[in-house]
Amino acid sequence: MDFSTYSQLTFKRLDDGVLLITIDRPEKYNAADEQMHAELARVWTDVSTDPETRVAVITGAGKAFSAGGDLAMVERMAGNHERVANMLQEMSDLVYNMINCEKPVVAAINGVAVGAGLVVALLSDISICAEDAKLGDGHVKLGVAAGDHAAILWPLLSGMAKAKYYLLTGEMVVGAEAERIGMVTSAVPREQVLDDALAVANTLAGGSQLAIRWTKKALNNWLKQAGPIFDQSAAYEMLCFMGPDVIEGYTALREKRAPEFPSARAVTGN
């Protein structure tokens, strides 16, 4: 695995084939711009084929796991067909590359996880979350459909009722509640998150590698069955980037006010 090809992910090899991956843009709370999004999409293929890695642990530098998509990236995408088409492919790569990664992935969710960061956090095979971390899929608040992982995963994790509530409202979930409804494996004090994740990784690294990998592969067929649902949701999200609501969404975020989406304006009669 050639670590030099990554600029926003850093890597540290630990004992017994454990690879610690850190999302490393702390000055922006690890928000994903185009470069980071591309790296998060392809790293799982490298992890899967790396002979020195048995288990990957991923966490965030500083106080956040990843604070979602960089707002400047969102602005560059709006109305830009080429960028939107490229993002649609990368979204698909991120989800399916994680699902198809042969090695188990453990997430140490040390802080807020939104957007692409939430994809990685929840698609990891085991997720250790800070009790006070805030997790959220805020796509609808931006004015786009929840497409980058939620439809394929949330109903399986928390059930349809909870999935619909959080995805339709865009409300955040605190780590302790995320554990209660089944979104994460466990919620622990923030200072304990990485240690617990590494302990799980060490257990996996010392186990039967084929047994663990093939168990993961079989279980992930539940996700693969939902592949067409994900593909549709991703297409809907990107279609929203070609409309006016997303412009109002990111403008309202920049101005720190409630959005007034064009699609929500009252329809007047003739």
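## Trp-222 and the surface patch

Trp-222 is exposed, its relative accessible area being 53%. The model is predicted, and the values below are computed from it. Because exposed denotes a relative accessible area over 50%, Trp-222 at 53% falls in that class.

In the secondary structure, Trp-222 belongs to helix α11, which covers residues 221-225. On the surface, Trp-222 joins Leu-156 and Leu-219 in a nonpolar patch. Together these three residues present about 350 Å² of accessible area.

## The largest pocket

The volume of the largest pocket is about 900 Å³. Its lining comprises 35 residues, and those nearest the centre are Ala-67, Gly-68, Gly-69, Val-114 and Leu-253.

Four helices, α2 (71-77), α3 (81-100), α5 (139-142) and α13 (245-255), each contribute at least two residues to this lining. Sorted by class, the lining of the largest pocket consists of 19 nonpolar, nine polar and seven charged residues.

## The second largest pocket

The second largest pocket encloses about 450 Å³ of space. Of the 22 residues that line this pocket, Ser-124, Asp-125, Ile-126, Leu-219 and Asn-220 lie nearest its centre. Leu-219 is thus named both here and in the nonpolar patch with Trp-222.

Two or more lining residues come from each of α4 (116-123), β7 (126-130), α6 (150-158), α10 (209-219) and α11. Helix α10 provides the largest share, four residues. The lining of the second largest pocket has 14 nonpolar, six polar and two charged residues.

Notes: Residues numbered from 1 in each chain as written. Predicted model: local features only at pLDDT ≥ 70, side-chain atom pairs only at ≥ 80, totals over all residues. Heavy atoms only, no water. Patch = residues over 30% accessible without salt bridge, like charges linked within 9 Å, V, L, I, M, F, W, Y side chains within 5 Å. Areas by Shrake-Rupley, 256 points an atom, 1.4 Å probe, with all protein chains shown as cover. Salt bridge = Lys/Arg side-chain N within 4 Å of Asp/Glu carboxyl O. Buried < 20%, exposed > 50% of the residue type's maximum accessible area, 1.4 Å probe, protein only. 1 Å grid on protein atoms, 1.4 Å probe; cavity = no way out; pocket = protein on both sides within 12 Å on 5 of 7 lines; lining within 4 Å. Points joined across faces, edges and corners; volume = space filled by probe spheres on them. Nonpolar A, V, L, I, M, F, W, Y, C, P; charged D, E, K, R; others polar.
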